[in-house]
Amino acid sequence: AEDLAADGCPQQLVDLAVKTFGRLDAVVNNAAFVAKGDLHSTDATFFMKMIEVNALAPFLLIKAALPHLRTTHGCALNIGSVNAWCGEPNLFPYSVSKGALMTLTRNLGDTLMREDGVRVNQINPGWVLTERQKEHWVTPEGLAAHLARQCLPDPIQPEDVAGTVLFLASEASKMMTSQTLILDGGFISS
């Protein structure tokens, strides 16, 4: 994930997708750099790495894909985090970077729809139980405490996010742009 903003990488990904599938209808920015850090322990280098991976790389990928998305009237989808709204003190730079991604989505969604016919939306999921999450972050106690704050009793699975991505990439959402959908099991509202 840390190389996604490197010179040429976004264009290489777009070229590979077009070569493989013959066209490009949607771009999903799902890579993220997540690491603990609070306000006091975060230095400029660590902060900028978060911004680079979580906000700059999606911008560069959308920009590289734009000629193809313009042709297909496609869309770009960014995967953010509820931490953009309710950040945790020990995830300070991550939360800020996902807030930057939300602002990027809003601005690109307006500009690209008006100029290029390309929709840009975002999904801000809560705690999704990916294999990486299970390996690095999930403890039985932590998961129980998190689920106790959600309105819905079940953990969010990767398939839940995938279903929302399919909706936003489909004609069913053709009248949506510059929007951020919260997929958190009711965590924020609790």
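## Buried share and overall form

Of the 190 residues in this chain, 44% count as buried. Keep in mind that you're looking at a predicted model. The chain's accessible surface comes to about 10300 Å², and 59% of that belongs to carbon and sulfur atoms.

How does the radius of gyration sit with that of a compact globule? For 190 residues, such a globule would have a value near 16 Å, and the chain has 17 Å, so the two agree. Along its principal axes, the C-alpha trace spans about 50 × 40 × 30 Å.

## Helices, strands and long-range contacts

Trace the chain and you'll meet six helices and four strands. Their order along the sequence is α-β-α-β-α-β-α-α-α-β.

Now for how distant parts of the sequence meet. Take the contacts with a separation of 6 or more: 75% of them are between residues 24 or more positions apart.

As for charge, the chain has 14 positive and 20 negative ones. The mean positions of the two groups are 6 Å apart.

## I51 and I79

Here are two isoleucines to look up in the structure. I51 lies in helix α2, which covers residues 44-72. Leaving out residues up to four places away in sequence, I51 touches L56 and S97. F33 is 18 residues from I51 along the chain, and the C-alpha atoms of this pair are separated by 9.0 Å.

I79 is found in strand β2, and this residue is buried because its relative accessible area is 8%, under the 20% cut-off. Which residues does I79 contact, leaving aside neighbours within four places in sequence? They are V28, N29, N30, K98, L101, I123, P125, V161 and V165. M113 isn't on that list; M113 is 34 residues from I79 along the chain, with 19 Å between their C-alpha atoms.

## Cysteines

A disulfide is a covalent bond between the sulfur atoms of two cysteines. How many does the model have? The count comes to zero disulfides.

Two cysteines are worth a look for where they sit. Is C75 buried or exposed? C75 has 1% relative accessibility, so it counts as buried. C151, on the other hand, counts as exposed because its relative accessibility is 51%, and the cut-off for that label is over 50%.

## Residues in two loops

The loop between α2 and β2 (75-79) holds H73. The phi of H73 is near 50 degrees, a positive value in a residue other than glycine. With 57% relative accessibility, H73 counts as exposed.

Next, go to the loop between α6 (158-169) and β4 (180-183), where you'll find S173. S173 counts as buried because its relative accessibility is 1%. Not counting residues up to four places away in sequence, S173 touches R119, F167 and L168.

S178 is found in the loop between α6 and β4 too. S178 has a positive phi of about 65 degrees, although it is not a glycine. Is S178 buried or exposed? With 10% relative accessibility, S178 counts as buried.

Notes
Residues numbered from 1 in each chain as written. Predicted model: local features only at pLDDT ≥ 70, side-chain atom pairs only at ≥ 80, totals over all residues. Heavy atoms only, no water. Rg over C-alpha atoms; globule rule 2.2 N^0.38 Å. Buried < 20%, exposed > 50% of the residue type's maximum accessible area, 1.4 Å probe, protein only. Contact = heavy atoms within 4.5 Å. Areas by Shrake-Rupley, 256 points an atom, 1.4 Å probe, with all protein chains shown as cover. Lys, Arg positive; Asp, Glu negative; His and termini not counted. Charge placed at Lys NZ, Arg CZ, Asp CG, Glu CD. Disulfide = S-S within 2.5 Å.
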